[in-house]
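Student: I've got a new model open and I'd like to practise reading it feature by feature. Can you walk me through it?

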Amino acid sequence: GYPLPDAVQRLSAAVKDLIVAEKAEPGQSGVRAMLYHLIERGGSTGYRRALANAAAEVEPFTLKVTGPWPPFAFVPELLG
């Protein structure tokens, strides 16, 4: 898989007990990396709190959390 930058590894470690699955991709247009997490329904408050607490560990990079979204990143791509 994609080798995570050190800052992204620290974020991943901060939420490892809160996630069901993880997917990482290189970023584009000034974004260092994209990190997708599948979490249990209703777990977004604790997940966001854990990431907010870990945000200082990735400075000078900034963290942007979006979602929750349907788990599209974890569905196998359709082959056409």
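## Reading the pocket and its surroundings

Tutor: Sure. The residues lining the largest pocket split into 23 nonpolar, 8 polar and 5 charged. Keep in mind as we go that this is a predicted model.

Student: How does one find a pocket to begin with, and what is the volume of the largest pocket here?

Tutor: The general idea is that rolling a probe the size of a water molecule over the atoms shows where empty space is left. In this model, the volume of the largest pocket comes to about 1,200 Å³.

Student: Which residues lie nearest the centre of the largest pocket?

Tutor: Those are L35, Y47, K64, V65 and T66, out of 36 lining residues. Going by elements, helix 1 (6–14), strand 2 (33–39) and helix 2 (44–54) each give two or more residues to that lining.

Student: And which element gives the most to the lining?

Tutor: Strand 2 does, with 7 residues.

Student: Let's stay with strand 2, then. What should I know about reading a strand?

Tutor: In a regular strand the side chains alternate between the two faces of the sheet. Then look for the pairing: here strand 1 and strand 2 run antiparallel and are joined by 7 bridges.

Student: Which residues of strand 2 are the bridge partners of I19 and A21?

Tutor: I19 is partnered with I39, and A21 with L38.

Student: I've clicked on H37, which is in strand 2. Is H37 buried or exposed?

Tutor: The cut-off you need is that buried means under 20% relative accessible area. H37 has a relative accessibility of 14%, so it counts as buried.

Student: Which side chains make polar contacts with the side chain of H37?

Tutor: There's E22, whose side chain is joined to that of H37 by a polar contact of 2.6 Å. The side chain of Y47 is joined to that of H37 too, by a polar contact of 2.7 Å. You met Y47 a moment ago, among the residues nearest the centre of the largest pocket.

Student: What else does H37 touch?

Tutor: Leaving out residues up to four places away in sequence, H37 touches S12, V15, I19, A21, E22, Y47 and F74.

Student: S12 is on that list. Where does S12 sit, and what is it in contact with?

Tutor: S12 is found in helix 1. Setting aside neighbours within four places in sequence, S12 is in contact with E22, L35 and H37. At 11% relative accessibility, S12 counts as buried.

Student: Now the backbone. What stands out about the phi of S29?

Tutor: The phi of S29 is positive, about 50°, although S29 is not a glycine. For the setting, look at the loop between strand 1 (19–26) and strand 2, where S29 is found. The hairpin of those two strands has 6 residues between the strands.

Student: Is S29 buried or exposed?

Tutor: Exposed counts as over 50%. S29 has a relative accessible area of 78%, so it is exposed.

Student: One more backbone feature: where are the cis peptide bonds that involve P60 and P68?

Tutor: One joins E59 and P60, with omega about 15°. Another joins G67 and P68, where omega is also about 15°. P60 lies in the segment after helix 2, and so does P68.

Notes. Residues numbered from 1 in each chain as written. Predicted model: local features only at pLDDT ≥ 70, side-chain atom pairs only at ≥ 80, totals over all residues. Heavy atoms only, no water. 1 Å grid on protein atoms, 1.4 Å probe; cavity = no way out; pocket = protein on both sides within 12 Å on 5 of 7 lines; lining within 4 Å. Points joined across faces, edges and corners; volume = space filled by probe spheres on them. Helix = DSSP H or I, 4+ residues; strand = E, 2+ residues; numbered from the N terminus. Nonpolar A, V, L, I, M, F, W, Y, C, P; charged D, E, K, R; others polar. Buried < 20%, exposed > 50% of the residue type's maximum accessible area, 1.4 Å probe, protein only. Polar contact = N/O pair within 3.5 Å; in protein donor to acceptor, adjacent residues only side chain to side chain. Contact = heavy atoms within 4.5 Å. Pairing = 2+ DSSP bridges.
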